[in-house]
Amino acid sequence: MPGHAHIIGAGIAGLAAAVRLASQGYPVTVYEAAPQAGGRCRSYHDPALDMEIDNGNHLVLSGNSAAMGYLDVIGARDKLKGPDSASFPFVDLASGERWTLRANEGLIPWWVMSPRRRVPGTHLRDYLALMRLLRAPVGAAIGDVYECRGVLHDRLIGPLLLAALNTEPHEGSAALASAVIRETLMKGGRAYHPLVAHEGLAAAFVTPALDFLVSRGHQVSFNKRLRSLQFEGNRVASLDFGETDVALDRDNPVILAVPPVVAGSLVPQLRVPTEFRAIVNAHFKLDVPASVPPITGVVNGTVEWLFAFPDRLSVTISAADRLLDTPREELAATIWADVARISGVAREMPPWQIVRERRATFAALPHQNAIRPGTRTGWHNLALAGDWTATGLPGTIEGAIRSGNRAAEFFLGE
Ligand SMILES: Cc1cc2nc3c(=O)[nH]c(=O)nc-3n(C[C@H](O)[C@H](O)[C@H](O)COP(=O)(O)OP(=O)(O)OC[C@H]3O[C@@H](n4cnc5c(N)ncnc54)[C@H](O)[C@@H]3O)c2cc1C
């Protein structure tokens, strides 16, 4: 019988690690500081709107293989919805132009040769320039190897990289941008169908994982904040939760799946990312006309992506630190003006909510990417997980799940 595994943090990384170990026969306990699971990927009842919303819209792509594997295991693949092709409607708020990027499914991207399918105003050579990103030297910024301007950049590559890295593209890590492009654009349209948790993030990524664990007899304990780890030689000997201590046997695995600042305070000499970027989300409660596409990319607006649900329109703005001090009413009015134009909904501003996540992800800068730690630590029964560990990807659900899987696999000997 494998030793009892202790997972600290019930964000997506911690849940993925727990599900993986539980499905391989380990008894598991998950400890979460908050009263609910999900971390930065959560749903909650919003009193201002009197409805359940997500802290932020999360876009997942069909080629996010770890995310799809996780959803399959917890039985929630059908909780993500999207078109059955890689098609992305865009609007340029400066010119009023609208277009839909329609990639073909296969490996050879012939859509870039079709003026009706590619981004209007772009040429084949613009797409070929992207190859420079794929050959970037280690430690390069995107702006060192790829000119972050021009029509293709403004209308596709800029918005894509800004959303994926949550960092201004010119200063972002070329290695992380390259990883995103390799796993999406380079794999053919079938790898980047856009998918959204249409019933909310909890219904897709969180509740089914909790049900999976609890229905199999594993423990998930809320309001349990780990205060410190007690070390003995080359192992963690006990977990200190303030009022309670949990003593560990020699082979009890511990997976620390907490944010980087917390991990850095719990593990001696651990180097973790120290710079972060904000994401601002705005939610507007209204009956949304069926004509509004589920996701619209926006160029030359304050809004970057508009997500349509039957009962609300939600907006995402990445690397949004510049908006953190804007008064909420002013921000809501500015965003609503964009939303009304994008959606064609002509009415007064409906009930709204602004959610500002100050530390939405680590800043995907070359020097921050370089200090992300791996799964292993100096203690044989302690592993790390989280989107900020060295996954090779920016801070995303896919990265978080891969990190959780890797931490579990470390103990499974895979
Ligand atoms: C607004 C927003 C929009 C986003 N959009 C996208 C998107 O479109 N696509 C995408 O792929 N990704 C997106 N992301 C990123 C994605 O949410 C994260 O990559 C992912 O949720 C990180 O999961 P995690 O488990 O690594 O970390 P976290 O979610 O931070 O989980 C850590 C958990 O540890 C808990 N904890 C902290 N301290 C302790 C302690 N001492 N003891 C016990 N528990 C503790 C926390 O409460 C938390 O639940 C977005 C993030 C935000 C904030």
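**Figure 1. The buried residues of helix 1.** In this predicted model, the buried residues of helix 1 (12-23) are Ile12, Ala13, Gly14, Leu15, Ala16, Ala17, Ala18, Val19, Leu21 and Ala22. Here, buried means under 20% relative accessible area, exposed means over 50%, and partly exposed lies in between, using a 1.4 Å probe and protein chains only. Helices (H or I, at least four residues) and strands (E, at least two) are DSSP runs numbered from the N terminus. With ten of its twelve residues buried, helix 1 is largely enclosed by the rest of the structure. The cover over these buried residues includes strand 1 (5-8), strand 2 (28-31), helix 2, helix 8, strand 14 (254-256) and helix 12, where contact means heavy atoms within 4.5 Å. From its first C-alpha to its last, helix 1 reaches 16 Å, close to the 16 Å expected at 1.5 Å a residue; the expected span is 1.5 Å times one less than the number of residues. Just after helix 1, look for glycine 25, which takes a positive phi of about 95°.

A word on conventions: residues are numbered from 1 along each chain as its sequence is written, and side-chain values use heavy atoms, leaving out hydrogens and water. Because the model is predicted, local features need pLDDT of at least 70 and side-chain atom pairs count only at pLDDT 80 or more, while totals for chains, interfaces and linings use all residues.

**Figure 2. Helix 2 and what covers it.** Moving to helix 2 (residues 65-74), you will find Ala66, Ala67, Met68, Tyr70, Leu71 and Ile74 buried. Among the elements covering these residues are helix 1, strand 5 (59-61), strand 6 (80-81), strand 9 (194-197), helix 8 (201-215) and helix 12. Glycine 75, just after helix 2, has a positive phi of about 75°.

**Figure 3. The ligand and its shell.** Around the ligand there are 34 residues, of which Glu32, Arg40, His58, Leu59 and Asp387 come nearest; a residue is near if one of its heavy atoms lies within 4 Å. The shell residues divide into 16 nonpolar, twelve polar and six charged. In that division Ala, Val, Leu, Ile, Met, Phe, Trp, Tyr, Cys and Pro count as nonpolar, Asp, Glu, Lys and Arg as charged, and the others, Gly among them, as polar. For backbone approaches, start with asparagine 57, which has a backbone N or O atom 3.4 Å from a nitrogen atom of the ligand. A backbone N or O atom of leucine 59 lies 2.7 Å from a ligand oxygen atom, and one of isoleucine 397 lies 2.9 Å from an oxygen atom of the ligand. The protein covers 92% of the 1,000 Å² of accessible area that the ligand has on its own. Helix 1 (12-23), strand 15 (276-285), strand 19 (352-362) and helix 12 (397-412) are the elements that give two or more residues to the shell.

**Figure 4. Two loop residues with positive phi.** Most residues other than glycine have a negative phi. Glutamine 269, though not a glycine, has a positive phi of about 60°. This residue sits in the loop between helix 9 (260-266) and strand 15, and glutamine 269 is exposed at 82% relative accessibility. Asparagine 300 also has a positive phi, near 60°. Its loop runs between strand 16 (295-299) and strand 17 (305-309), and asparagine 300 is exposed at 55% relative accessibility.

**Figure 5. Leucine 239 in strand 12.** Leucine 239 belongs to strand 12 (residues 235-240) and is buried at 0% relative accessibility. Beyond four places in sequence, leucine 239 touches residues including His6, Ile8, Tyr31, Leu226, Ser228 and Val254. One of these partners, leucine 226, is 13 residues away in sequence and 6.9 Å away in space, C-alpha to C-alpha.

**Figure 6. Alanine 363 after strand 19.** Alanine 363 lies in the loop between strand 19 and helix 11 (366-370), where the residue is buried, with a relative accessible area of 0%. Setting aside residues up to four places away in sequence, alanine 363 touches Thr167, Glu275, Phe276, Arg277 and Gln368. Arginine 376 is 13 residues from alanine 363 along the chain, and their C-alpha atoms are separated by 22 Å.

**Figure 7. Leucine 124 in helix 3.** Helix 3 (residues 124-128) holds leucine 124, which is partly exposed with a relative accessible area of 35%. Apart from neighbours within four places in sequence, leucine 124 is in contact with Val112, Met113 and Arg118.

Definitions and conventions. Polar contact = N/O pair within 3.5 Å; in protein donor to acceptor, adjacent residues only side chain to side chain. Areas by Shrake-Rupley, 256 points an atom, 1.4 Å probe, with all protein chains shown as cover.
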